Number of protein chains: 2
Amino acid sequence: MKKNAKNELIKYDHPCPIRDVLDRIGDQWSLLILKSLEHDVMRFNTLHKEIGDISRQMLSRTLKRLENDGYITRTVYAQVPPRVEYALAELGLSFLKPMNTLIQWADENHEAICRARKTQNL
Amino acid sequence: MKKNAKNELIKYDHPCPIRDVLDRIGDQWSLLILKSLEHDVMRFNTLHKEIGDISRQMLSRTLKRLENDGYITRTVYAQVPPRVEYALAELGLSFLKPMNTLIQWADENHEAICRARKTQNL
DNA sequence: CTGTATCCTCTTTGATACTG
DNA sequence: CAGTATCAAAGAGGATACAG
């Protein structure tokens, strides 16, 4: 566990839910993957092509994390060549609502943000 | 849904507003800062104490980015010692709705996620 | 097809010391 | 009080080759 400068334990036994959740789905790819799975079950390579600029490694890692957190399910079919399908689990389905609220806001306010940003490049 | 010349599905044109927005407020601190400013104007050190484990450098940087993107305002009072107050700007106020939807979901589902996670540590 | 292992780079973040 | 500069560490992410 992390310690601060005085070597005191930082108390995250039960971390802030917001941080705990957002640290995971707040990365570069999770939302994109969940959004891709909103309407369809998807295979690994289909996701890879759809998202376009994600590396296979990051796709693999992020899928594992999402699966481990309970957002998605992973189904392997005993075939040659292998066929693996990813789909939203219950948690992922319930997450669609706040996610889409956020996405809608981003869409509506993107232009305003771009306008505000023009002055600098931080 | 759009398709390209080879009839493959394409969901994400560039620049994608979702990614552009979330890459900024999806970091470790932005949401926390915006949440802290939800009900009160705040000074630098007050924010620093309230958030607790953010470094001054990251607080400074994140505040600048949020200001530059138009989420918050920064007001300097001509005093000695200096007094600087941060407050939500219009964009930040409008962001409260999707943000709180997300926070509420995180609160309600945190336990389920923790339960799902127990098996591994990715 | 569906990944994993390895190596490498770039970004993020914190600690600390310093300035106005 | 409100930051900034500098340094260092950790992690995110990509490229490529390899494996089942």
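Buried means under 20% relative accessible area. I take that cut-off into these entries, which concern a predicted model.

**Entry: B:D69**

I began with B:D69. It sits in helix α4 of chain B. At 2% relative accessibility, it falls under the 20% limit and so counts as buried. I then looked for its partners. The side chain of B:D69 has a polar contact of 3.0 Å with the side chain of A:R117. B:D69 also forms a salt bridge with B:R24, at 3.3 Å from N to O. B:R24 belongs to helix α1 of chain B and B:D69 to helix α4 of chain B, so this pair ties together parts that are 45 residues apart in sequence. I checked the arginine too. B:R24 has 16% relative accessibility and therefore counts as buried.

Next I looked for a shared-partner network. A:D20, A:R24, A:D69 and B:R117 are joined into one by salt bridges that share partners.

**Entry: other salt bridges**

How many salt bridges does the structure hold over all chains? I noted 14. Side chains of opposite charge can pair when their charged atoms come close.

I looked up B:R19 with A:D53. Their closest N and O atoms are 3.0 Å apart, and the pair is a salt bridge. It crosses between chains. B:R19 is in helix α1 (residues 17-25) of chain B, while A:D53 is in the loop between α3 (44-51) and α4 of chain A. Is B:R19 buried or exposed? It is buried, with a relative accessible area of 11%. A:D53 reaches 42%, so I logged it as partly exposed.

I also looked up A:E38 with A:K35. This salt bridge has its closest N and O atoms 2.8 Å apart. A:E38 is buried, at a relative accessible area of 18%.

**Entry: DNA strand D**

I turned to the protein surface around DNA strand D. There are 22 residues around the strand. A:Q57, B:R56, B:Q57, B:S60 and B:R74 come nearest. Which part of the strand faces them? Sugar and phosphate make up 65% of the atoms of DNA strand D that come within 4 Å of the protein.

I then listed phosphate contacts.

- B:Y86 places a polar side-chain atom 2.6 Å from a phosphate oxygen of DNA strand D.
- B:K64 has a side-chain N or O atom 2.7 Å from a phosphate oxygen of the strand.
- A:D53 has a backbone N or O atom 3.3 Å from a phosphate oxygen of the strand.

Which elements give two or more residues to this surface? From chain A, I noted α4 (56-69). From chain B, I noted α3 (44-51), α4 (56-69) and β3 (83-88). By class, the surface near DNA strand D has 8 nonpolar, 6 polar and 8 charged residues.

A:D53 now appears twice in my notes. Its backbone has the 3.3 Å approach to a phosphate oxygen, and A:D53 forms the salt bridge with B:R19.

**Entry: second largest pocket**

I looked up the second largest pocket. Its volume is about 310 Å³. What lines it? I noted 22 residues, with A:I25, A:G26, B:L22, B:I25 and B:G26 nearest its centre. Both chains contribute: α1 (17-25) and α2 (30-36) of chain A, and α1 and α2 (30-36) of chain B, each supply at least two lining residues. The lining divides into 12 nonpolar, 4 polar and 6 charged residues.

**Entry: cis peptides**

I checked omega at two proline positions. The bond between A:V80 and A:P81 is cis, with omega about 0 degrees. A:P81 lies in the loop between β2 (72-77) and β3 of chain A. In chain B, the peptide bond from B:V80 to B:P81 is cis, and omega is near 0 degrees. B:P81 is in the loop between β2 (72-77) and β3 of chain B.

**Entry: A:A87**

Last, I looked up A:A87. I found it in strand β3 (residues 83-88) of chain A. A:A87 has 18% relative accessibility, so it counts as buried. I then took its distance to A:M42. The two are 45 residues apart in sequence, and their C-alpha atoms are 6.6 Å apart in space.

Notes. Residues numbered from 1 in each chain as written. Chains lettered and ligands numbered in written order. Predicted model: local features only at pLDDT ≥ 70, side-chain atom pairs only at ≥ 80, totals over all residues. Heavy atoms only, no water. Near = heavy atom within 4 Å. Polar contact = N/O pair within 3.5 Å; in protein donor to acceptor, adjacent residues only side chain to side chain. Helix = DSSP H or I, 4+ residues; strand = E, 2+ residues; numbered from the N terminus. Nonpolar A, V, L, I, M, F, W, Y, C, P; charged D, E, K, R; others polar. Salt bridge = Lys/Arg side-chain N within 4 Å of Asp/Glu carboxyl O. Buried < 20%, exposed > 50% of the residue type's maximum accessible area, 1.4 Å probe, protein only. 1 Å grid on protein atoms, 1.4 Å probe; cavity = no way out; pocket = protein on both sides within 12 Å on 5 of 7 lines; lining within 4 Å. Points joined across faces, edges and corners; volume = space filled by probe spheres on them.
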